[in-house]
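Biologist: Before we discuss this model, I should like each term to be set against its criterion. Please show the structure first.

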Amino acid sequence: MATKTTENSTAASTEKKIQIENAKVNEGEMKNAPLHKFFVDALKDIYYAEHKLVDALQKMCDAATTEELKDAFEDHQLQTKKHISRLDKVFKSIDETPEQKTCAAMDGLIKEGEEIIKSTEEGSMTRDAALIIAAQKVEHYEIATYGGLVQLAITMGHDKAADLLDKTLQEEEDTDYNLTEIAETHINFDAQQED
């Protein structure tokens with residue numbers, strides 16, 4: 001009986017070693033796979049975008065008229081810093097080094113936000129309405145990016161990365177909803193009354 005148990009234990013141990021070796025081979029192949037490379041590249045892109053957004057949100061906060069919108073931009077700035085920290089964890093979970101890659105889309109959205117500030121009257125509700133639209137364009141870009149990244153992570157079996165990215169996706173969707181609420185509650189109506 002003891003011999004049978006020892007044989008089973010040895011067979012199980014050998015099977016486990018084979019599984020570990022196969023996992024190592026698969027992991028090495030995964031890192032060279034085009035989809036994995038694209039995933040990492042997209043992570044670097046959004047990592048850059050989030051870093052740039054921290055400064056842009058400060059400019060938007062400074063330019064906003066209402067305290068409600070200023071508070072929303074401050075909250076989003078703090079949240080964006082958390083998103084950067086979360087992306088660090090995503091990179092670590094897939095054994096990659098966090099790096100930034102220039103995101104032309106975010107650079108363009110930030111430039112558009114800066115143009116809105118220049119082209120609207122300081123202290124006006126029109127500026128706040130325009131800033132909300134600019135911020136929501138950023139949110140929609142982030143929602144599209146994080147939504148895609150979550151699905152790629154799931155497809156490749158990066159469960160921890162998928163969970164982390166999904167938390168950020170939910171927060172981006174909440175921020176978009178909150179900005180809509182602020183606009184619809186009074187800012188758009190007040191902007192319409194301006195001469």
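Modeller: This is a predicted model. A residue is called buried when its relative accessible area is under 20%. By that criterion, 43% of the 195 residues in the protein chain are buried.

Biologist: What makes the secondary structure of the protein chain helical, and how many strands are there?

Modeller: Helices are DSSP runs of H or I with at least four residues. The protein chain has six such helices and zero strands, and its elements run α-α-α-α-α-α from the N terminus.

Biologist: How do you know what span is expected of α5?

Modeller: The expected span is 1.5 Å times one less than the number of residues. For the 31 residues of α5 that gives 45 Å, and the helix reaches 45 Å from its first C-alpha to its last. After α5 comes G157, with a positive phi near 80 degrees.

Biologist: Why is the largest set of nonpolar residues called a core?

Modeller: Its members are buried nonpolar residues joined through side-chain atoms within 4.5 Å, and therefore the set meets the definition. The largest core holds 56 residues, and F39, L43, L69, F73, L131 and L165 touch the most other members. Two or more residues come from each of α2 (34-63), α3 (67-93), α4 (104-119), α5 (125-155) and α6 (159-193).

Biologist: Which residues are in contact with F39, leaving aside its neighbours within four places in sequence?

Modeller: Contact requires heavy atoms within 4.5 Å. On that basis F39 is in contact with I94, L149, L152, A153, M156, H158 and L165.

Technical notes
Residues numbered from 1 in each chain as written. Predicted model: local features only at pLDDT ≥ 70, side-chain atom pairs only at ≥ 80, totals over all residues. Heavy atoms only, no water. Buried < 20%, exposed > 50% of the residue type's maximum accessible area, 1.4 Å probe, protein only.
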